[in-house]
Amino acid sequence: MSRSVLKVILGVLMRVLFRPAVEGLERIPGDGPVILAGNHVTFIDSMFLSLVVERQVYFIGKDEYVTGKGVKGRLMAWFFTTCGMIPVDRDGGHGGVAALMTGRRVLEEGKIFGIYPEGTRSPDGRLYRGRTGIARLTLMTGAPVVPFAMVGTDKVQPGGKGMPRIAPVTIRFGRPLDFSRYDGMDRDRYVLRAVTDEVMSHVMNLSGQEYVDIYATKAKAA
């Protein structure tokens, strides 16, 4: 009920203010486990994704989003969890493993799991090298990967901060990718890299971004 009410309210606001163009939505399977993998340019990407996809999309978020105190903290926790965010402490030594296992659980329950293979928001609007967690998930669960691209959300929220601005947004979904040919090879690092790079290639074609073959975290550190 909470998700339905939130989706109706925010959906109306989104359509009125941003009029997002959605392409290829029919390519998302209507049931069963699905991995949505796309680019990440601003904080509100997950909000747009949750609002345009008919099925509930679950994704990983920082646990600090749901641990705030007072009325504001409770409202934030309700908002993010209703949108499908699963809080995980990603800053700890086992943050990556926790995120991977959470995604696996969601997929084994037959749900949709959204992931940004870059691991963090792009520091400059370009598309960066994908982390192999996406490959591990699809090979461990057999879930198809539907690549997607957010185009224009960086104009809505430049720098990923501040109040959103009015700007056109396009969300594109590609055809489902099946990696069953690599069944049982989820520990082969060459296979994991090949699968990840194939996913990122599709994301790049959908987004039109320039590709940079280094990790976004390394670019931010530099």
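In which sense do strand 3 (residues 57-62) and strand 5 pair, and over how many bridges? I opened my notebook with this, and I found that the two strands pair in the parallel sense over 3 bridges. I note at the outset that I am reading a predicted model.

**Entry 1: strand 5 and its neighbours**

I looked up a residue pair between these strands and found that Val57 has Ile112 of strand 5 as its bridge partner. On strand 2 (residues 34-38) I found parallel pairing with strand 5 as well, over 4 bridges, and there Leu36 stands opposite Gly114 of strand 5. I then asked myself whether the residues on the two faces of strand 5 (residues 112-115) are buried or exposed. Ile112 and Gly114 lie on one side, Phe113 and Ile115 lie on the other, and all of them are buried, so that both faces of the strand are covered. I wrote beside this that side chains in a regular strand alternate between the two faces of the sheet.

**Entry 2: the sheet as a whole**

I followed the pairing outward and recorded that strand 3 is joined to strand 4 by 4 bridges, the two running parallel, with Phe59 standing opposite Met85 in strand 4. The sheet that holds these strands is open, has 7 strands in the order 1-8-7-2-5-3-4, and shows mixed pairing. Its edge strands are strand 1 (21-23) and strand 4 (85-88), each of which pairs on one side only. I also noted that, with direction ignored, neighbouring strands of this sheet are turned against each other by 25 degrees on average. For the chain as a whole, I recorded 8 helices and 9 strands.

**Entry 3: helix 5 against the sheet and against helix 7**

Helix 5 was my next stop, and I found that it lies across strand 2, strand 5 and strand 7 (145-151), running at about 165 degrees to strand 2. I then looked at how helix 5 (residues 133-141) meets helix 7, and read that their axes come within 8 Å and cross at roughly 100 degrees. Helix 5 is therefore roughly perpendicular to helix 7. On the side of helix 5 the contact is made by Ile134, Ala135, Arg136, Thr138 and Leu139, and on the side of helix 7 by Val191, Leu192, Val195 and Thr196. I sorted the residues of this contact into 6 nonpolar, 2 polar and 1 charged.

**Entry 4: Thr196**

I stayed with one of those residues, Thr196, which is found in helix 7 (residues 189-207). Its relative accessible area is 0%, and because buried means under 20%, Thr196 counts as buried. Leaving out residues up to four places away in sequence, I listed its contacts as Gly130, Arg131, Thr132, Ile134 and Ala135.

**Entry 5: the nonpolar cores**

Which residues touch the most other members of the largest nonpolar core? In this core of 27 residues they are Ile35, Phe113, Ile115, Leu137, Val145, Phe179 and Val199. I checked which elements give two or more residues to this core, and they are strand 2, strand 4, helix 4 (95-108), strand 5, helix 5 and helix 7. The largest share, 6 residues, comes from helix 7. I looked more closely at Phe113, whose contacts, not counting residues up to four places away in sequence, include Ile35, Phe59, Val106 and Leu137. A second, separate core has 23 residues, among them Phe18, Val52, Val146 and Phe148. Over the 222 residues of the chain, I noted that 46% count as buried.

**Entry 6: Lys155, on the outside**

For contrast I turned to Lys155, which is found in helix 6 (residues 153-156). Lys155 has a relative accessibility of 53%, and because exposed means over 50%, it counts as exposed. Lys155 touches Arg165 and Ala167, again leaving out residues up to four places away in sequence, and its C-alpha atom is separated by 8.2 Å from that of Pro168, which is 13 residues apart from it along the chain.

**Entry 7: contacts along the chain**

I closed by looking up how far apart in sequence the contacting residues are, and found that, of the contacts in the chain with a separation of 6 or more, 78% are accounted for by residues 24 or more positions apart.

Terms used:
Residues are numbered from 1 along each chain as its sequence is written. This is a predicted model: local features need pLDDT of at least 70, side-chain atom pairs count only at pLDDT 80 or more; totals for chains, interfaces and linings use all residues. Side-chain values use heavy atoms; hydrogens and water are left out. Buried means under 20% relative accessible area, exposed over 50%, partly exposed in between (1.4 Å probe, protein chains only). Contact means heavy atoms within 4.5 Å. Two strands pair if DSSP finds at least two bridges between them. Axes are lines fitted to C-alpha atoms, for helices over the stretch in contact, and angles run from 0 to 180 degrees between N-to-C directions. Angles under 35 degrees count as roughly parallel, over 145 as roughly antiparallel, 65 to 115 as roughly perpendicular and the rest as oblique. Ala, Val, Leu, Ile, Met, Phe, Trp, Tyr, Cys and Pro count as nonpolar, Asp, Glu, Lys and Arg as charged, and the others, Gly among them, as polar. A nonpolar core is a set of buried Ala, Val, Leu, Ile, Met, Phe, Trp, Tyr and Cys residues joined through side-chain atoms within 4.5 Å.
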